[in-house]
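Q: Please take a close look at one small part of this protein for me, a loop with an unusual backbone. Then walk me from there through the rest of the fold, at a first-year pace.

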Amino acid sequence: MSAGGHNRDRLLIDAIALERRVALIRNDRLCRLWIDRGGPARFDIHLGRVSKILPEMAAAMVALDGLEGGLLPFDRHDGPLHEGQWVVVQIARLGFEDKGVKLTGRIAIEGVGMILRPGGRLIELPRKLKDAQQRANLLAILKNIQSHDDGIMLRSGATDWDEDAIAGEYRLLSAQWQKAEAALANPRKPLLVCKAQSELDQMIERHLMAGQECLVDGVDEFVRLRGMLKARGKAEDHLLRHGGSRLLFDGHDIEADIANALISKVHLAGGGWIAIDQATALCAIDVNGAGADSGRDPETRAIDINLRAADEIVHQIRLRNIGGLVVIDPLRMKSRAGRDKFDAAIKAAFGPELDGAVQIGGFTRLGLYEFSRQRAGESLAARILVKQDQAQLNAVSALNNVLRNVVGESRAGLAGTVRLYVASDIAQRLAESDDARQILIRVFGTVPQILADPALENDSYRLEKN
């Protein structure tokens with residue numbers, strides 16, 4: 001895949017359909033892929049109502065606006081809880097698979113320059129800020145604007161802000177909390193009080209503010225990001241709009257990388273392969289030599305193949321967004337030195353994630369290697385595929401796939417009045433989605449005649465000129 005220079009991260013953003021796909025390219029490889037379809041975000045603030053107390057879980061279920069409900073642990077809320085009680089809560093962890101959202105009653109409102117913790121009292125400055133005079137000046141500014149025992153944590157990026165900018169940020173965040181307090185004072189029904197910026201948008205913003213390249217396919221997304229840079233007084237020469245007849249992900253082989261990330265077998269550079277089997281309880285990974293380096297000393301061969309596998313395993317874990325328990329069956333190594341090298345290679349590949357997201361269990365008595373990784377939403381496979389034995393795109397992914405391919409055909413020269421044949425389910429979704437029809441209007445100038453063809457698979461389509 002050809003994508004940017006070495007040692008610099010590059011973002012490719014596909015925003016031409018109803019979902020936004022963001023690919024992180026690192027050292028010329030697809031490192032991460034995010035699929036954003038909107039919905040709840042971590043740190044959203046809700047007015048909720050306690051629907052059930054769960055003593056056995058030391059938690060309460062809270063009814064929320066637009067969600068099935070969330071779990072609020074007792075130790076994440078100050079004071080007793082009872083059924084029917086109205087509470088202001090924040091999403092601490094998004095739901096995934098069969099798990100609902102996890103909530104906290106200890107609110108932290110994140111801004112660009114600071115984090116506001118209502119009732120938190122403490123004022124915190126970045127540890128990296130060593131200049132004593134600058135620390136004293138910033139502390140005086142924050143104490144001057146602090147009210148109602150608010151806790152304020154200043155971000156590193158705001159240490160060079162003037163007093164007006166810091167005060168303006170504080171007023172903006174305080175207004176969100178005041179809105180939550182007003183909702184709690186007059187509760188009528190569960191309510192989404194404040195929508196937080198998604199973690200994906202925060203990542204994109206940090207990437208752009210750091211001056212790293214971002215290539216966007218989609219007018220609205222490009223205009224939004226350019227406006228963000230202009231509002232911050234930043235240059236925009238590293239924000240590029242994709243053009244040409246090919247779709248962005250097609251032109252950089254991302255679609256092929258995504259397809260490979262959804263299959264079990266991954267070939268290793270230099271020979272051998274790994275098999276990745278994601279199940280509900282755990283993810284099992286098997287390392288296979290497949291005749292690579294045959295004729296060599298068995299112990300040396302096993303160590304070399306396992307070390308090649310270690311880097312690829314961590315790469316695939318991140319790309320596929322696999323969390324929970326992971327069990328690896330490496331090639332058998334008799335020596336303690338070989339096992340130590342494999343353990344060191346896994347830890348080196350995870351790097352900063354070892355600070356909390358990844359817990360290493362090491363080798364078992366049977367020669368398996370275990371670690372656990374904190375879950376961060378759905379895996380890539382769960383996000384794209386129907387959860388059944390036969391890998392098939394779910395309805396949302398199928399609709400977006402059809403829209404992308406139709407846009408691609410229009411860029412290749414198809415124009416004029418056309419008929420679009422799709423599967424029955426997709427035809428129904430197109431009829432019900434104003435946003436999808438707007439995409440088709442942009443492509444053809446009008447909505448093509450949409451016809452259901454029961455013989456088509458859910459992600460297949462056919463375009464015919466009238």
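**From an unusual loop to the helix pairs**

A: Let's begin with arginine 121, which is found in the loop between β10 (114–117) and β11 (123–124). Keep in mind that this is a predicted model. Arginine 121 has a positive phi of about 70 degrees, although it is not a glycine. Why is that worth a second look? Most residues other than glycine have a negative phi. As for its surroundings, arginine 121 has a relative accessibility of 60%, and because exposed means over 50%, it counts as exposed.

A useful partner for comparison is phenylalanine 43. Its phi is near 85 degrees, again a positive value in a residue other than glycine. Phenylalanine 43 also belongs to a loop, the one between β3 (29–36) and β4 (45–54). Its relative accessibility is 18%, and since buried means under 20%, phenylalanine 43 counts as buried. So a positive phi turns up here in an exposed residue, arginine 121, and in a buried one, phenylalanine 43.

Now let's step back to see what these loops are part of. The protein has twelve helices and 24 strands. Its C-alpha trace spans about 70 × 70 × 50 Å along the principal axes. Of its 466 residues, 43% are buried. Many contacts also link parts that are far apart in the sequence: among contacts with a separation of 6 or more, 64% are between residues 24 or more positions apart.

Next, have a look at helix α2 (residues 163–185), which includes glycine 168 and serine 174. Glycine 168 has a relative accessibility of 25%, so it counts as partly exposed. Serine 174 is buried, with a relative accessible area of 10%. Leaving out residues up to four places away in sequence, serine 174 touches Leu116 and Asp150. Leu116 brings us back to where we started, as β10 covers residues 114–117. The C-alpha atoms of glycine 168 and isoleucine 145 are 9.8 Å apart, with their positions 23 residues apart along the chain.

Helix α1 (residues 132–145) holds alanine 136. At 39% relative accessibility, alanine 136 counts as partly exposed. From C-alpha to C-alpha, alanine 136 and arginine 171 are 21 Å apart in space and 35 residues apart in sequence.

What about the inside of the protein? The largest nonpolar core has 38 residues, and those touching the most other members are Leu12, Ala23, Phe249, Ile254, Leu403 and Leu430. Helix α10 (residues 395–411) gives the most to this core, with six residues. Phenylalanine 249 is a good one to click on: apart from residues up to four places away in sequence, it touches Leu12, Asp14, Arg21, Ala23, Leu33, Ile254, Glu255 and Ile258. There is also a second, separate core of 29 residues, including Ile305, Met333, Ile346 and Val358.

The last stop is how helices pack together. Two packed helices are described by the angle between their axes and the distance between the axes. Take α10 and helix α12 (residues 434–444), which pack at an angle of about 10 degrees with their axes 10 Å apart. That makes α10 roughly parallel to α12. In this pair, Leu403, Val406, Val407 and Ser410 of α10 meet Ala436, Ile439, Leu440, Val443 and Phe444 of α12. By class, that contact has eight nonpolar residues, one polar and no charged.

A second pair is helix α7 (residues 298–319) with helix α8 (residues 336–350), whose axes come within 9 Å and cross at roughly 25 degrees. α7 and α8 are therefore roughly parallel to each other, and α7 passes α8 in a right-handed crossing. Among the residues making this contact are Asn306, Leu307 and Ala310 of α7, along with Phe342, Ala345 and Ile346 of α8. The residues of the contact divide into ten nonpolar, two polar and three charged.

Finally, helix α3 (residues 199–209) and helix α4 (residues 219–231) pack at about 60 degrees, with their axes 11 Å apart. At that angle, α3 and α4 are therefore oblique to each other. The crossing of α3 past α4 is right-handed. Asp201, Ile204, Glu205, Leu208 and Met209 of α3 meet Glu221, Arg224, Leu225, Met228 and Leu229 of α4. This contact has six nonpolar, no polar and four charged residues.

Technical notes. Residues numbered from 1 in each chain as written. Predicted model: local features only at pLDDT ≥ 70, side-chain atom pairs only at ≥ 80, totals over all residues. Heavy atoms only, no water. Helix = DSSP H or I, 4+ residues; strand = E, 2+ residues; numbered from the N terminus. Buried < 20%, exposed > 50% of the residue type's maximum accessible area, 1.4 Å probe, protein only. Core = buried A, V, L, I, M, F, W, Y, C linked by side-chain atoms within 4.5 Å. Contact = heavy atoms within 4.5 Å. Axes fitted to C-alpha atoms, helices over the stretch in contact; angles between N-to-C directions. Parallel < 35°, antiparallel > 145°, perpendicular 65-115°, else oblique. Left-handed = near helix turned anticlockwise from the far one by under 90°. Nonpolar A, V, L, I, M, F, W, Y, C, P; charged D, E, K, R; others polar.
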